Amino acid sequence: MDILSGKRIVLGVCGSIAAYKVAQFARDLALAGVQVDVILTEAAERFVGAATFQALTGRPVLTSMWALPEDGVVGHVALGTSADAVVVAPATANTIARIAAGLSDDLLTTTLLATRAPVLLAPAMNPQMYAHPATQTNLATLRARGYTIVEPGEGRMAEHVSGKGRLPEPFTLAGELRALLGRVHGPLRGRRVVVSAGGTREPIDPVRYVGNRASGQMGYELAAQARDLGAAVTLVSGPTALVAPAAITTVQVETALEMREALHAAVAGADILIMNAAVADFRPEAATEHKIKKQPGTTGITLTLVTNPDIIAGFAGHHDLFKVGFAAETDDLLANAQAKLARKGLDLIVANDAVASIGQPSIAMTLIDRDGMTSLARQPKAAAAATLLTEIVARYVRWKSR
Ligand code: C5P
């Protein structure tokens, strides 16, 4: 179940060329089952018309305090007060200043002053305006008041200058909003979750490696779902073709040894470790400095592999960390998984058939802990991740109150 489904969001749009991106964002929210009430500032209407947002959200669009639909002024103070969150995107320097000063000189600022809902603000403006101490001071004020400020992106702006001030893409805004709602309502609010994902690559020479077929999809889904449940999430990822989820910290690594180091740093103070990565059990003893050449007449080369450290077993002494491991097996699935649960000092192990799951779009799983086994039927990985995380949270809560 998407955390956005059934939520009521007020979306304030200011006058910036980036307003065009927010039309897509409004559409994405509506498709996710959100009731989106758009408020346009006067300047916003010069960039994207009310008709666009009205068509995309299926809701009346509000532009002026003096031209409200029949429920009137009180109703639209109520709009903000009954919302699950207010999003301001793009937030211009001028509107940020007006909000910080506590002005209520238009419908958006009035709504913000009246609401007690959490506010997500996505600044977008010329890089010089963004960097100006006046804007930075106003943003610091809003942050101190509990607003969540989405960092603008860096790059080329519409007006042919480059710098920091770009509105993040709709995908990022939606991720930030999910994280915000999770922090308010989610069962993992206040918790820190670390997820590892993807396979590791163990270098043979500068261009070749020993690897595996892990796509990272399951781990990325789990990380995003944990974020939506309110956790502060660190994702430690081997190389994948996936886009890192928004509003989480992603650490990219390549080898098992790099992954171990990144995880050691990430688990300090964490509550849950979900070790989904397909860590290479072996690595070439030493990567050669130069590319290995094929010599004429040779029939082959021999690689000597050494055993990688078992990363999760190395956390066995972390008694405050709820540790979830995975067992992807081709034979004796449940017996092997059970043995790993004990050997690696895990609180839960998720067993799955390696051939039918690694690199595949769907997965069936069996959860094994000290209390017994639970089977989860085959589902697409996004849905399976949601089910699995619900099961993990339930067990974590029980374990925590033990
Ligand atoms: O022993 P096996 O590789 O099957 O164990 C799988 C579980 O152990 C997974 O959770 C995997 O992420 C973890 N693992 C690890 N360090 C390794 C190998 C596996 O943490 N070197």
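**The ligand site and pockets of the predicted model**

In this predicted model, a backbone N or O atom of isoleucine 312 comes to 2.9 Å from an oxygen atom of the ligand. Of the 450 Å² of accessible area that the ligand has on its own, the protein covers 89%. Two further backbone contacts help to place the ligand for the reader. A polar backbone atom of alanine 277 is 2.7 Å from an oxygen atom of the ligand, and a nitrogen atom of the ligand has a backbone N or O atom of proline 309 at 2.8 Å.

These three residues belong to a wider shell around the ligand, which also includes Met275, Val279, Asp281, Asp310 and Ile311. Further along the chain, Gly325, Phe326, Lys340 and Lys344 take part in surrounding the ligand as well. Sorted by class, the shell comprises seven nonpolar residues, one polar residue and four charged residues.

It is helpful to see this site in its wider setting. The ligand takes up the space of the largest pocket, whose volume is about 1000 Å³. The lining of the largest pocket comprises 38 residues, and nearest its centre are Ala277, Ala278, Val279, Phe326 and Ala328. Two of the names just given, Ala277 and Phe326, will be familiar from the shell around the ligand. Several elements of secondary structure contribute to the lining of the largest pocket: α9 (217–228), β16 (322–329), α11 (333–343), β17 (348–353) and α12 (354–357) supply at least two residues each. The most comes from β16, with four residues. By class, this lining divides into 19 nonpolar, 12 polar and seven charged residues.

A second pocket also deserves a look. The second largest pocket has a volume of about 620 Å³. It is lined by 31 residues, with Arg178, Ala224, Gln225, Arg227 and Asp228 the closest to its centre. Two or more residues of this lining come from each of α1 (19–31), α8 (170–185), α9 and α13 (381–400). Here α9 gives the most, with seven residues; α9 is also among the elements that supply at least two residues of the lining of the largest pocket. The lining of the second largest pocket has 18 nonpolar, six polar and seven charged residues.

Two points of backbone geometry complete the picture. Most residues other than glycine have a negative phi, and most peptide bonds are trans. Alanine 89 and proline 90, however, are joined by a cis peptide bond, with omega about -10°. Proline 90 is located in strand β3, which spans residues 85–91. Alanine 247, in turn, is not a glycine, yet has a positive phi of about 65°. This alanine 247 is found in the loop that runs between β11 (232–237) and β12 (249–252).

Methods:
Residues numbered from 1 in each chain as written. Predicted model: local features only at pLDDT ≥ 70, side-chain atom pairs only at ≥ 80, totals over all residues. Heavy atoms only, no water. Near = heavy atom within 4 Å. Polar contact = N/O pair within 3.5 Å; in protein donor to acceptor, adjacent residues only side chain to side chain. Areas by Shrake-Rupley, 256 points an atom, 1.4 Å probe, with all protein chains shown as cover. 1 Å grid on protein atoms, 1.4 Å probe; cavity = no way out; pocket = protein on both sides within 12 Å on 5 of 7 lines; lining within 4 Å. Sits in = over half its atoms within 2 Å of the grid points. Nonpolar A, V, L, I, M, F, W, Y, C, P; charged D, E, K, R; others polar. Points joined across faces, edges and corners; volume = space filled by probe spheres on them.
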